[in-house]
Amino acid sequence: MQVHLSPRARRGALAALCAAAVLTLPACGPGTGGDNSPAKKATKSAKATKAAKKPAPFADQSGPEVLDRAFAATRAATSLTLKADMPDPEGRVAVDVALDKKGDCAGTMSMNGQGTVTLTKTGSTVYMKYDEELLRSQGKGQPKAEVDAAVKMLADRWIKADTKEPDAKDLVGFCDLDELLSAFEGGDSVARKGPVSTVDGQPALTLTETDGSSDYTVHVATEGKPYLLKIAWTGKEEGTMAFSEFDRPVAAEIPADKDVVDLANLDD
């Protein structure tokens, strides 16, 4: 399986994950013995021996085999949270969405950092809420009075739509886990195994690959199931996709009727 983004995948995502580690070393108090005491030397020797016997993550598997396992494990998850920052024909799109196998999802998206749309989808219905900044950025070039009216009517209020409607169809493409991962084209992989790093505090094996125009780095969890934790690419285009909160319920709640705008009656 080659890590290569299809055009479909480039309509997408982020909010990059930050990883931090804090190491606390206990001080040696009086009477405990220094680092050169026999007890300390014996403890260090035992720990070194144990560490030496611990095999490297995925030691008996090649890079392509690890990559295949990671995609399989991630596809098998009942739900996950996607945070991504990806190129789009109109700029960049940032996504922070929780989604599940049923197609339900909840989260936020933004374009070029100009405002945010919040969405929640259950079944074939999606609710979208645009903030004022996004409405005004999308209304550039339109008469001010019309933009002001749209802001007054729609800003921070939910709009109900069927997922087949054009305005909703592209948004909910991120709500299908299988479709999301299928955006990475299959094929022979030449992924190379690298060092173990961390993603959001989780140990992860680094895999690298190139397709000639972009270089890809994939992070695969080394503890528990071998989930994909992060995919990043640089080159002609740059982006990241981070996966977390596997198998957790998605809080896709239906807004109260009083908070939903009925577009069919806006002209009444």
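How many bridges join strand S8 to S9, and in which sense do the two strands run? The legends below take up this question and related close-up views of a predicted model.

**View 1. The S8–S9 hairpin of the predicted model, with the turn that connects its strands.** Strand S8, which covers residues 202–210, is joined to S9 by seven bridges, and the two strands run antiparallel. Within this pairing, Leu207 stands opposite Val218 of S9. Three residues lie between the two strands of the hairpin, and Gly212, which belongs to the turn, has a positive phi of about 100 degrees. Strand S9 spans residues 214–221, and six of its eight residues are buried, so S9 is largely enclosed by the rest of the structure.

**View 2. The S9–S10 hairpin, which continues from S9 on to residues 228–235.** Strand S10 pairs with S9 in the antiparallel sense, again through bridges, and their number is seven. His219 has Lys230 of S10 as its bridge partner. This hairpin has six residues between its strands, among which the view should include Gly224, whose phi is positive and near 75 degrees.

**View 3. The open sheet of 12 strands and the helix H2 that packs on it.** The strands follow the order S7-S8-S9-S10-S11-S1-S2-S3-S4-S5-S6-S12, and their pairing is mixed. Strand S7 (192–199) and strand S12 (260–261) stand at the edges, and since each has a single partner strand, one side of each is left without a neighbour in the sheet. Helix H2 packs on this sheet, where it touches strand S1 (79–88) together with S7, S8, S9 and S10, and the direction of H2 makes about 120 degrees with that of S8.

**View 4. Helix H2, residues 63–76, with its buried side and its contribution to the nonpolar core.** The 14 residues of H2 should span 20 Å at 1.5 Å a residue, and the end C-alpha atoms are 20 Å apart, which agrees with that expectation. Buried in this helix are Gly63, Val66, Leu67, Ala70, Phe71, Ala73 and Thr74. Because these residues cover an arc of only 165 degrees around the axis, they lie on the same side of H2. Nonpolar side chains tend to be buried together in soluble globular proteins. In the present model, the largest nonpolar core has 56 residues, of which Leu82 and Phe243 touch the most other members. The largest share of this core, five residues, comes from H2. Ala76, which also lies in helix H2, has a relative accessibility of 58% and therefore counts as exposed. The C-alpha atoms of Ala76 and Asp247 are 9.5 Å apart in space, although the two residues are 171 residues apart in sequence.

**View 5. Strands S3, S4 and S5, joined through two successive antiparallel pairings.** S3 (residues 105–111) and S4 (residues 117–122) pair over five bridges in the antiparallel sense, and Ala106 has Thr120 of S4 as its bridge partner. Five residues separate the strands of this hairpin, and Asn112 takes a positive phi near 55 degrees there. S4 is in turn joined to S5 (residues 125–130) by six bridges, with the strands running antiparallel, and Thr118 is bridged to Lys129 of S5. The hairpin of S4 and S5 has two residues between its strands, and Gly123 takes a positive phi near 60 degrees.

**View 6. Lys129 in strand S5 and the residues that surround it.** Lys129 has a relative accessible area of 23%, which means that it is partly exposed. If residues up to four places away in sequence are not counted, Lys129 touches Thr116, Val117, Thr118, Asp156, Arg157 and Trp158. Between Lys129 and Val117, which are 12 residues apart along the chain, the C-alpha separation is 5.4 Å.

**View 7. Helix H4, residues 144–154, and the elements packed against its buried residues.** Val147, Val151 and Leu154 are the buried residues of H4. They cover an arc of only 95 degrees around the axis, and are therefore on the same side of H4. The face turned away from this buried side carries Ala145 and Lys152, both of which are exposed. The buried residues of H4 pack against S5, helix H3 (132–138), S6 and S12. Among these elements, S6 (residues 158–162) pairs with S5 in the antiparallel sense over five bridges, with Ala161 of S6 as the bridge partner of Val126. Asp156, which follows H4, has a positive phi near 60 degrees.

Technical notes: Residues numbered from 1 in each chain as written. Predicted model: local features only at pLDDT ≥ 70, side-chain atom pairs only at ≥ 80, totals over all residues. Heavy atoms only, no water. Pairing = 2+ DSSP bridges. Helix = DSSP H or I, 4+ residues; strand = E, 2+ residues; numbered from the N terminus. Expected span 1.5 Å × (residues − 1). Buried < 20%, exposed > 50% of the residue type's maximum accessible area, 1.4 Å probe, protein only. Arc of directions from axis to C-beta. Core = buried A, V, L, I, M, F, W, Y, C linked by side-chain atoms within 4.5 Å. Contact = heavy atoms within 4.5 Å. Axes fitted to C-alpha atoms, helices over the stretch in contact; angles between N-to-C directions.
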